[in-house]
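Colleague: Please pick a single part of this model and go through it closely, working outward from there. Spell out the cut-offs as you go.

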Amino acid sequence: MAVINPKSVKVNVTTGTGVDIEWDDGHKTHYGFQWLRDACPCATCTEERNNHNRKPGEPPKPAATLLPMYKEPAKPKEAKPVGKYALSFTWNDGHAAGIYSWDYLRELCQCEECRAKVGA
């Protein structure tokens with residue numbers, strides 16, 4: 001399969017709406033910040049998801065407590081490129097270990113067309 005790179009990347013930190021990527025093949029993808037945080041590709045987050053049988057982007061199940069605790073929505077404090085192959089975020093919860101490669105993001109595209117292809 002040919003390598004597909006982004007033609008444009010918009011990280012909408014100010015509006016809090018997420019990341020918009022237009023790929024060089026014309027495909028367009030939107031990723032919400034909460035989805036990205038729940039899909040963090042770092043080893044710690046991947047292990048935690050695997051231990052709880054969650055897919056990337058799937059939120060953790062809430063703890064069984066009497067009253068749910070308020071959790072601030074995920075939002076990056078900082079977003080920066082990693083070379084020419086990825087993005088990294090410093091999240092408002094202090095987490096900063098994930099490197100989101102273009103391949104990883106394209107593989108997990110959340111548009112209707114791509115979700116239909118994988119039967120999600």
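Modeller: What follows is an account of strand β5 (residues 86–91) and its surroundings.

This is a predicted model, so to speak of local features a pLDDT of at least 70 is required, side-chain atom pairs count only at pLDDT 80 or more, and totals for chains, interfaces and linings use all residues. Residues are numbered from 1 along each chain as its sequence is written, and side-chain values use heavy atoms, with hydrogens and water left out.

Start with the strand itself. Helices (H or I, at least four residues) and strands (E, at least two) are DSSP runs, numbered from the N terminus. Five of the six residues of β5 are buried, which leaves the strand mostly covered. Buried here means under 20% relative accessible area, exposed over 50%, and partly exposed in between (1.4 Å probe, protein chains only).

Next, the sheet. Strands β4, β5 and β6 form an open sheet in the order β4-β5-β6, and the pairing is antiparallel. The edges are β4 and β6, each with a single partner strand, so one side of each has no neighbour in the sheet. On average, neighbouring strands of this sheet are turned by 25° against each other, direction ignored; here axes are lines fitted to C-alpha atoms, for helices over the stretch in contact, and angles run from 0 to 180 degrees between N-to-C directions. Two strands count as paired if DSSP finds at least two bridges between them. Between β4 (residues 76–82) and β5 there are six bridges, and between β5 and β6 (residues 99–101) there are three.

The join between β4 and β5 is a hairpin with three residues between the strands, and G83 in that turn has a positive phi of about 55°. On the β4 side, V82 faces A86 of β5 as its opposite residue. On the β6 side, L87 stands opposite Y100, and S88 stands opposite I99. In a regular strand the side chains alternate between the two faces of the sheet.

Now the contacts of one residue of the strand. F89 is in contact, leaving aside its neighbours within four places in sequence, with V11, V19, F33, L36, P76, E78, A79, H95, A96, G98 and Y100, where contact means heavy atoms within 4.5 Å. F89 also belongs to the largest nonpolar core, which has 24 residues; the members with the most contacts inside it are Y31, L36, F89, Y100 and L105. Two or more residues of this core come from each of β2 (18–23), α1, β5 and α3 (102–107). A nonpolar core is a set of buried Ala, Val, Leu, Ile, Met, Phe, Trp, Tyr and Cys residues joined through side-chain atoms within 4.5 Å.

The aromatic rings come next. A pair of aromatic rings is described by the distance of the centres and the angle of the planes. Rings of Phe, Tyr and Trp (its six-membered ring) pair if their centres lie within 6.5 Å; planes under 30 degrees apart count as stacked, over 60 as edge-to-face and the rest as tilted. The structure holds six aromatic pairs. In one of them, F33 and W91 meet edge-to-face, at 6.2 Å centre to centre and 75° between the planes. F33 is in helix α1 (residues 33–38) and W91 in β5, so this pair ties together parts that are 58 residues apart in sequence. Both partners count as buried, F33 at 2% relative accessibility and W91 at 1%. Y100 and Y104 form another edge-to-face pair, with 6.4 Å between centres and 65° between planes. Y100 is buried at 1% relative accessibility, and Y104 is buried at 16%. Ring pairs link F33, F89, W91, Y100 and Y104 into a cluster.

Finally, a charged residue in helix α3, one of the elements that contribute to the core. R106 lies in this helix and counts as buried at 17% relative accessibility. Its contacts, leaving aside neighbours within four places in sequence, are I4, W23, D25, H27 and Y31. The side chains of R106 and D25 meet in a salt bridge, 2.9 Å from N to O. D25 is in the loop between β2 and β3, 81 residues apart from R106, and is partly exposed at 43% relative accessibility. A salt bridge is a side-chain nitrogen of Lys or Arg within 4 Å of a carboxyl oxygen of Asp or Glu, and the whole structure has six.
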